[in-house]
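Subject: Structure handover

Hello,

Here is the structure we spoke about, with the sequence. My notes on what turned up follow below it.

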Amino acid sequence: MSVTQINKALPTLPAGWSADKDFKAVGKLSAAARRSVEPVGPYFLAHARRTRHKRTFSEDDRIRAQENVKKVEDEDAGYISEPEDPAMLAREAKDWKSQDHYAVLGITKYRWKATEEQIKKAHRRKVLKHHPDKRAAAGGNEDDNFFKCIQRAHEILSDPVKRRQFDSVDEAAEVEPPSKKQTQKGNFYKLWSPVFKAEGRFSKVQPVPKLGDENSTREHVENFYNFWYNFDSWRSFEYLDEDVPDDNENRDQKRHVERKNNNARKKRKAEDNQRLRQLVDECLSLDERIKKFKKEEHAQKNKKRLEREAEAARIAEEAAKAKEEEARLAKEKEEAEKAAKADSKKAKEAAKNAAKKNKRVVRGAVKDGNYFADGEASPAQIDQALNDVDAMIAKLEVDDLAVFKSKLDGKTDAKEIKTLFTEEASRLGMSDLKSLA
């Protein structure tokens with residue numbers, strides 16, 4: 001897209017044009033309205049303050065800054081986070097190792113969770129209150145023992161290494177585990193959670209898993225107890241060490257004290273590990289979730305066992321049914337075979353009887369055919385005819401015998417009967433029968 005720029009001047013006013021005679025208004029201003037204005041806000045207050053005290057801007061700013069500084073100092077000096085125990089105020093400075101440094105600075109509600117800023121502010125407040133010069137100016141006791149305790153507490157708590165050594169043996173930060181009787185009354189999670197929270201401050205691994213509640217999953221509970229049974233603690237006990245003699249003293253004595261301190265640390269460490277293990281064992285024994293999980297596991301095992309037993313019963317039942325079916329089919333087959341044999345036997349008997357009947361008819365036909373003789377048959381002719389017929393019958397199949405018998409049914413003419421026998425003998429290849437010659 002191309003852009004074309006056109007330079008064109010605005011039209012000039014016509015000659016003789018003037019605003020007085022040629023200007024024409026296209027509208028008019030609205031009427032004035034009366035409104036009430038209330039003087040408020042920080043700027044008005046500053047103006048009122050300067051007016052009242054007849055100050056300039058710079059004077060007012062300087063005086064306000066001084067008042068703010070004094071207010072901060074007064075707040076720091078007068079602020080005591082906790083009541084001060086008279087016995088603590090009367091403590092000897094040389095007993096600093098047995099003192100509660102957090103109590104000296106008035107931050108026991110924070111203890112090991114106190115930040116560097118909180119420690120710094122607490123120290124400043126205590127110094128403003130207990131500095132020997134300030135106490136002397138106020139007409140108080142010039143004893144500086146507690147002030148030295150304050151300085152020692154700040155020295156230890158502001159040094160990360162020394163503070164960790166003190167936190168390692170800070171019994172006031174420990175939470176006693178609830179008794180079995182307390183736990184049985186309920187609030188298991190509420191009573192035991194602070195115990196593990198306090199113990200968790202010694203863990204090298206952070207964050208420390210929480211105890212959870214009755215709705216925690218089995219995985220969460222197992223991870224919790226696995227963590228505590230494999231707890232890796234940074235806790236040491238150097239703070240309780242016996243003071244080692246200076247280098248300029250006996251070296252043997254120094255080595256002896258160092259060995260003694262090392263052995264004492266190891267012993268305390270072992271005792272602390274044993275204590276923590278017993279604590280976790282006790283909590284585990286009282287944890288209803290473990291019982292619930294075991295019950296569910298037992299129910300699951302029983303369910304699987306019942307399922308296996310049901311499956312085995314089903315297979316056995318199917319096998320029994322298959323066996324019964326097989327026995328039924330075998331029985332039916334046997335009965336069918338027996339029936340078939342019986343029917344076959346009956347058929348054979350019937351065929352045999354029919355064959356006998358047919359044989360009798362055929363033999364009777366010989367008699368009706370006068371034994372194939374032209375006149376009265378002699379005994380020899382009768383025997384020959386009967387023997388020849390028996391030979392024919394022996395050679396005839398059952399079906400052929402039945403057909404032949406049907407041909408002879410109703411025949412009484414001797415010649416016709418002889419003809420039928422002659423044709424049958426010829427078909428059987430027995431044309432040489434003497435009685436039919």
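To begin with the surface: K352, K356, K357, K359 and R360 form a positive patch. Of these residues, K359 lies in helix α14 and is partly exposed, at 31% relative accessibility. Please keep in mind throughout that this is a predicted model.

There is also a nonpolar patch on the surface, of about 370 Å², to which L13, W17 and F23 contribute. W17 sits in the segment before α1 (19-22). Its relative accessible area is 39%, so W17 counts as partly exposed.

Next, the interior. In soluble globular proteins, nonpolar side chains tend to be buried together. Here the largest nonpolar core has 23 residues. V362, V366, V389, M392, F404, L408 and F421 have the most contacts inside that core. Two or more residues each are supplied by α14 (288-368), α15 (379-395), α16 (398-408) and α17 (414-427). Another core, of 22 residues, lies apart from the largest one; F196, V280, L286 and I290 are among its members.

The loop between α16 and α17 holds G410, which is exposed with a relative accessible area of 75%. The C-alpha atom of G410 is 9.5 Å from that of A365, although the two are 45 residues apart along the chain.

Now the charged pairs. The structure holds 31 salt bridges, and three of the pairs are described here.

- R49 and D60: the closest N and O atoms of this salt bridge are 3.0 Å apart. The pair links distant parts of the chain, with R49 in helix α2 and D60 in helix α3, 11 residues apart. R49 is partly exposed at 23% relative accessibility, whereas D60 is buried at 2%.
- R265 and D241: their side chains meet in a salt bridge at 2.3 Å, N to O. Because R265 lies in helix α13 (residues 251-286) and D241 in the loop between α12 and α13, the pair ties together parts that are 24 residues apart in sequence. R265 has a relative accessible area of 27% and is partly exposed; D241, at 13%, counts as buried.
- K338 and E334: this salt bridge has an N to O distance of 3.6 Å. Both residues are in helix α14, and being 4 residues apart they are separated by about one helical turn. K338 is exposed, at 52% relative accessible area, and E334 is partly exposed, at 42%.

In addition, a network of salt bridges links E174, E199, R235, D272 and R275.

Some backbone details may be worth a look on your side. The peptide bond joining Q206 and P207 is cis, with omega about 0°. P207 is placed in the loop between α11 (188-199) and α12 (218-229).

Positive phi values in residues other than glycine occur at K54, with phi near 55°, and at R111, with phi near 50°. K54 is in the loop between α2 (42-53) and α3 (57-78), while R111 is in the loop between α5 (101-105) and α6 (116-130). Are these residues buried or exposed? K54 is exposed, at 74% relative accessibility; R111 is buried, with a relative accessible area of 8%.

Regards

Terms used. Residues are numbered from 1 along each chain as its sequence is written. This is a predicted model: local features need pLDDT of at least 70, side-chain atom pairs count only at pLDDT 80 or more; totals for chains, interfaces and linings use all residues. Side-chain values use heavy atoms; hydrogens and water are left out. Patches are made of residues with over 30% relative accessible area and no salt bridge: like charges are joined within 9 Å, nonpolar side chains (Val, Leu, Ile, Met, Phe, Trp, Tyr) within 5 Å. Accessible areas come from the Shrake-Rupley method with a 1.4 Å probe; for residues, only the protein chains shown count as cover. A salt bridge is a side-chain nitrogen of Lys or Arg within 4 Å of a carboxyl oxygen of Asp or Glu. Buried means under 20% relative accessible area, exposed over 50%, partly exposed in between (1.4 Å probe, protein chains only). A nonpolar core is a set of buried Ala, Val, Leu, Ile, Met, Phe, Trp, Tyr and Cys residues joined through side-chain atoms within 4.5 Å. Lys and Arg count as positive and Asp and Glu as negative; His and the chain ends are not counted. The place of a charge is taken as NZ of Lys, CZ of Arg, CG of Asp or CD of Glu.
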